[in-house]
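Colleague: I would like to go through this model with you, one question at a time. Please keep the reasoning short and finish each reply on the item I asked for.

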Amino acid sequence: MSSGQNPNYEVPAEMRDFAEKSVDQARKAFDSFLGAARRTADTVQGSAELARTNTTTLSSRSFEFAEQNVNAAFDLAQKLVRAKDVQEAMQHQAEFVRSQFANIQAQAKEFGGLAQSALQQGAENAKSAVQQGQNEARQAFDQGTAAAKATTKKPTA
């Protein structure tokens, strides 16, 4: 052979078909994995949105509780200023302490319930997202494995 000639090697049709099927199966497997990843990302984004909403609710209630407590203190101050004697002032103070103790207990109970609910929702969403991601990844892997096995099987003639 001279150096100016390139040998003409032809790839057998069976080999080209095998390669084409392999590329198609790889693309399908990748698309399945990518779809699962996108769905997982969407779920995580939804969880983040839920966390933001719950945080906003907790923050809002905290400010409402603070406002209630400060208003109660101002009401007490006004009653104390108007008291005619020390005994009346002490009575207002005792009522305030009893009332605030009950209010703070109720506020703490409500705040604890809100926080517990937010954490529980977040945990449930995270668990669901992980399970969904695992299931979809497993399914995509199984589909890719099955397709690869089908591609590698030689037709019996």
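Colleague: How many salt bridges does the rule count?

Modeller: This is a predicted model, and side-chain atom pairs count only at pLDDT 80 or more. The rule asks for a Lys or Arg side-chain nitrogen within 4 Å of a carboxyl oxygen of Asp or Glu. E49 and R52 form one such pair, at 2.6 Å from N to O. By this rule the count comes to three.

Colleague: About how many helical turns separate E49 and R52?

Modeller: Their side chains meet in a salt bridge. Both residues belong to helix 1, which covers residues 13-82. Because E49 and R52 are three residues apart in that helix, their separation is about one helical turn.

Colleague: Which residue forms a salt bridge with E110?

Modeller: The chain is divided into domain 1 (12-48 + 57-82) and domain 2 (86-150). Across the interface of these domains the rule finds one salt bridge. For E110, the closest N and O atoms of the bridge are 2.7 Å apart, and the partner is R61.

Colleague: What area is buried between domain 1 and domain 2?

Modeller: The centres of the two domains, taken over C-alpha atoms, are separated by 14 Å. Domain 1 gives 22 residues to the contact and domain 2 gives 23. Carbon and sulfur atoms give 64% of the buried area, which is about 2000 Å².

Colleague: In domain 1, which residues lose the most area to domain 2?

Modeller: The side of domain 1 that touches domain 2 has nine nonpolar, 10 polar and three charged residues. Three residues together account for 25% of what that side buries: L58, F65 and L76.

Colleague: What percentage of residues 33-128 is helix?

Modeller: An unreviewed UniProt entry annotates this span as "domain: Phasin". Its end C-alpha atoms lie 18 Å apart. Strand makes up 0% of the span, and helix 97%.

Technical notes
Residues numbered from 1 in each chain as written. Predicted model: local features only at pLDDT ≥ 70, side-chain atom pairs only at ≥ 80, totals over all residues. Heavy atoms only, no water. Domains from an automatic or database assignment. Contact = heavy atoms within 4.5 Å. Buried area = accessible area lost by both parts, 1.4 Å probe. Nonpolar A, V, L, I, M, F, W, Y, C, P; charged D, E, K, R; others polar. UniProt positions renumbered as here; feature names shortened; annotations may be inferred. Helix = DSSP H or I, 4+ residues; strand = E, 2+ residues; numbered from the N terminus.
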